[in-house]
Amino acid sequence: MRARPWMFTDFCREGKMIAAFYTASAVAIIATILMLTRVNAVHALLHLIVSLLAVAVILFDFGAPFAAALEVIIYAGAIMVLFVFVVMLLNLGEAAARAERALLKPSAWIGPSILTLILLAEFLWLLGHGVAPAVQVVSQGPVEVGMALFGPYMLGVELASMLLLAGLVAAYHLGTAKSPRSEATHASHS
Amino acid sequence: MLPIREGFIVAGILFTLGVVGVLVRRNLLFVLMSIEIMLNAAGLAFVIAGTRWGQPDGQVMFLFILAMAAAEVSVGLGLVLELYHQFKTLDTDAISRMKG
Amino acid sequence: MLGLLWLVPAIPFAGALWLAVVGPRLRERAVAVIGTGSIAAATIVSLLIGAQFLSSPPASGAYTQTLWTWVGVGTFQPGIAFYLDALSLVMVVVVTFVSFLIHLYSTEFMHGDEGYSRFFAYMNLFVASMVTLLLADNLLLLYLGWEGVGLCSYLLIGFWYKDTVNGIAGQKAFIVTRAGDTAMAVGLYLLFHNLGTLRIQDLMQAAHDHWAVGSPLAVAAGLLLLGGAVGKSAQLPLQTWLPDAMAGPTPTSALIHAATMVTAGVYLIARTHVVYELAPAAQFAVAMVGILTLLMAGCSALTQWDIKRVLAYSTISQIGYMFLALGVGAWGAAIFHFMTHAFFKALLFLASGIVIEALHHEHNIFRMGGLRKELPVAFWTFLAGGCALAGLPLITAGFYSKDLILWSTANSPIGGALLWVGGLIGVLFTSLYTFRLIFLVFFGDVKTPVSHRPGMTMGGPVMVLAALAIIGGFVKGSFETLMTTALPPFHEAGLGVSELVSSTVAGVAFALGLVVAWYIWVLHPALADQAVEFSGGRLLHRFWFSDWGMDWLYDRLLVRPLVWAATINKNDVIDSIYDGIAAVTTTFYRAASLTETGKLRWHAAWIAGGTVVTLAIVMLL
C-alpha cells in the first residue's frame, strides 16, 4: 500500500473517508452534548455509547483499526456495561430525574461554559499553529501496535498491568467492605 | 489526505465538553461519564498525532489510556455505590466533609 | 589497696542512686542504714587508703587510677581518672570522716521529716560529688564534681521547699556561685587553649615550662580560677549566698556550708598552685580577697542575731584565712586550717543544731540563755569548738592552724606587716563574736525552756568532733612534712617575726576579745544596746548586719536593672518577629483553607482554571 501509486479509486475512497470523518465528528459532538444535558442516567448512557462509537469511527478513519476495535469492545462494551449495572443497582427512578432537573438551572451553566470556552479557544489557537493541515494516512494495524507495545513500551505495559491489578483490589475492597462480618473483622484488626 | 487539524479540533471540543460536564453536573455518575469523555478525547488526540507521523505509538498511548480508564471506572463506580449507601445521594456538593 | 580508690566516690554515689530510686518506699531505719552506711564504707576505704599511702607512699608521691576515657576528641582526652597525693588524701579523709559524723547526727536530727530518704539521697550525692572534685585527675572531672556539689547545695538549701524563702535562698546560692563557675569555665578554656591539656599534673608542668613568671596569660588564668574559687568558697565579692544558705537543715549547713564544700575553692587554688606561683599578681589578689573577706565577715558576725548566721559569717571569715594563707604562699598552712576548721565548724553547727532543736527551732540568740546547765553536752562541745574557732592558745587545733597562717603572713614576701595586722584584728573579731555567741546562748538567765534533749546519735558525733577540735592541731609537724610531698614548701622571708612572737600576739588578741566579750555581754548586758543608741553606732550596726550592704548593692546594681529590663521587654521584642511570621502564616493559612470548600466541582474548576492559565502562559511566551 505504501509503495502503490496514487490512483482515482483512492481519491473516491478518500472522499468517503473524509465524509465519514465529518459525519462521525458531528455525531460524536452532538451525542456528547445530549449526554451532558440528560437528567435520566440511562438516557445519558445511551448518548455516551453513541458518542464513543462515533469516536471509534474517527479512529478507524485515522488508520487505527486496532484502537477502534478496542474502543468498541472495552469502552462501549465493558465500561458501559459497568455503568449500566451501577445505574440498575442504584435504581434512581423518576424522583432522581426530577431532582436532577432542578439542579440543571441555566445559571449553573454560565460560569463553567465561559471557562471552558476560553479553554477551547486556547486549544484551537494552539492547534492552528504548526499542525500540518492534512496528511496521507498510513494504517497502523495490530501487528505494528503489538510490536511497539512489547518492544519499547514493555515497561509501560507492566505499569498498566499493575494499575489494573490495583484497580481490581480497590474495587474488590469497596465491594466487600459493606458486609457486617467484614466490618467486624476490620474492627478486630484495628 | 485526512484533515489532521480538524481531527485535533474535534478532540479538543470533546475534551472541553467533558470539562463542562465535570463542572456543571453535580451527579457523581454524570461526572464519571464526563471524565470518560475527556479520557476518550485525549486518546483520540494521541491516535491522530500517531497517524500524523505514521507511527503506532499513538495507539500504544491510547491503549494505556484505555487501561487506565478501565481501572478508574471500576474504582469510581465502586465509590459511587459506597457513597450512595452512606449518604443516600449522588450529589457531590453534599459530600463536603473535606472542607478546610 | 590504693586500687580501691574508685570506691570512695562510687559507694556514696551508689547510695544516692539507691535512695533516690527506692528511698521513699523504705522505712526510716533502712534509709538511715543505707545513707550512713555508704558514707561509713567510703570513710573506711579512704582511711585504709590513707594508711597504705602513709606507710608506703608511691615513689612519685602520687597515685593515679584511670577508669576510662570520658570524651575523646583529638587531643582532648579527659578521663574518668583519679589522682591521689598528700593534698587530695587529706581532703578526702577529712571530708568523708566529717561527712560520716554528720550523717550519723542527721539520722536523729531529721527523724520524722517527710523528706527523710530524699535528704540522705542528696547528702550521699553531695559526698560523691565532693570526693570526685577532690580526686579528679583533670580539671573537667573536677568541674563535674564542682557543679555536682553546687547542685546538691541548691537542693539542700531549698530542702524544705514548701517555704518560699528557702527556695529563694537555694536559687540565690545557685545563681551567685554560677557567676564564679562561669569565670572558672572560661579559665578552663583558656588553660586548654594555651596548654593543650586539662590533666592537672600535665597542665602544671606545661604552665611551668611555657609561661614566664608574671606572664599575662598566667595572671588571667589565675584570676579566672580565683573567680570560681570565690564563688564556691563564698569569698568577697560573691559571699552573699552563704548566710542565706542557712535556710537548709542544720546538718546541711554543717556539711556543705562549713566543713567541706565551701573549701572547694581553697582546694582548687592549692591544686593549681603552679599557676599562682607564675602569677604573683593573681596570688596577691588571693591574699587581698582573703584579708578583706575575713575582716568584713568578722564585723558582720558581730551584729547577727541568728545563731546560724553568726556561724555562717564565721565560716566566710575562716575561709578568708585560708585564702590569705594561699595568697602568701603558705599552701600547707591553708590545708591545715581547712582540716581543723572542718572539725570545729562542723562541731559548732551540729552543737547549734542541738540547741535549735532543743528550743523549738528558735534561732534568735537573744531569746536563748542559761543553757549551760540545761544542755551540758551542747555547752561543753560548743565551748571546745568556739575556743578552737577563736584560737585558744596551746590547747586547741584552731590556734595551731591559724597561728601558722599568721606567722606565714608576717614572714612571706607577698604578705607583710599590713596583712599580718589585718589577720590579728581578725583574730580579735573572731574571739569577740565567738564569745558573744557563747555568753548569750549558754550564760545568763534561761529565756526559752528546753523541750528536747539530744540522744546519743546526735551527742556522739559532736563529742568526737570536739575531741578532734582540741587534739587536731597536735599533728602540725608531721602534717607539714606530709604536705611538702604535694605542695611547695613555704619560703620564709619578710619581717622575720619569730613563731613565738606571732603566737604571743595572737594569744593576746584572743584574750582581749574574750575579756571584752565578757565585759559587754556578761557584766554589762545593756552596753551593747547603748552602743546602738547613737546614730553612728546604729548606722554601723545596720551596715554590718546587712553584710556591708553587699546584698543591697547587688540588688541595685544587678537585680533591679535586670528586672527593669525584663519588665520593659515583657512582650519580647525579638519574639514579635517570630510572632509576626506566625501571624502572617496563619493569615495565609486561613485564606488558603477558604479555598478548600470540600466541593468537587469547585476543585475541578480550579484545575480547569489552572490549565487555562498555564496554556495562556505557553501561548504568550
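This report looks at chain B and at the way chain A packs against it, in a predicted model.

## Chain B on its own

Start with the fold. Chain B has 3 helices and 1 strand, and the strand leads: reading from the N terminus, the order is β-α-α-α.

Chain B has 100 residues, and 63% of them count as buried. What's left exposed adds up to about 3,500 Å², with carbon and sulfur atoms supplying 66% of that surface. As for contacts with a separation of 6 or more, 55% of those in chain B link residues 24 or more positions apart.

## Where the chains meet

How many residues does the contact take from each chain? Chain A puts in 80 residues and chain B 66. Together the two chains bury about 6,800 Å², and carbon and sulfur atoms give 80% of that area. On the chain A side, A:Phe62, A:Tyr75 and A:Phe83 supply 10% of the area that chain A buries against chain B, more than any other three residues.

Polar links are there too: 8 residue pairs are in polar contact between chain A and chain B, counting pairs with both residues at pLDDT 80 or more. Salt bridges between chain A and chain B come to 0.

## The chain A side

Several elements of chain A each supply at least two residues of the side that touches chain B, including helix H1 (8–37), helix H3 (65–90), helix H5 (106–127), strand S1 (134–135) and helix H7 (154–176). Sorted by class, that side of chain A has 61 nonpolar, 12 polar and 7 charged residues.

Note on methods:
Residues are numbered from 1 along each chain as its sequence is written. Chains are lettered from A and ligands numbered from 1 in the order in which they are written. This is a predicted model: local features need pLDDT of at least 70, side-chain atom pairs count only at pLDDT 80 or more; totals for chains, interfaces and linings use all residues. Side-chain values use heavy atoms; hydrogens and water are left out. Helices (H or I, at least four residues) and strands (E, at least two) are DSSP runs, numbered from the N terminus. Buried means under 20% relative accessible area, exposed over 50%, partly exposed in between (1.4 Å probe, protein chains only). Contact means heavy atoms within 4.5 Å. Accessible areas come from the Shrake-Rupley method with a 1.4 Å probe; for residues, only the protein chains shown count as cover. Buried area is the accessible area (1.4 Å probe) that two parts lose on being put together, summed over both. A salt bridge is a side-chain nitrogen of Lys or Arg within 4 Å of a carboxyl oxygen of Asp or Glu. A polar contact is a pair of N or O atoms within 3.5 Å; within protein, one must be able to donate a hydrogen and the other to accept it, and residues adjacent in sequence count only if both atoms are side-chain atoms. Ala, Val, Leu, Ile, Met, Phe, Trp, Tyr, Cys and Pro count as nonpolar, Asp, Glu, Lys and Arg as charged, and the others, Gly among them, as polar.
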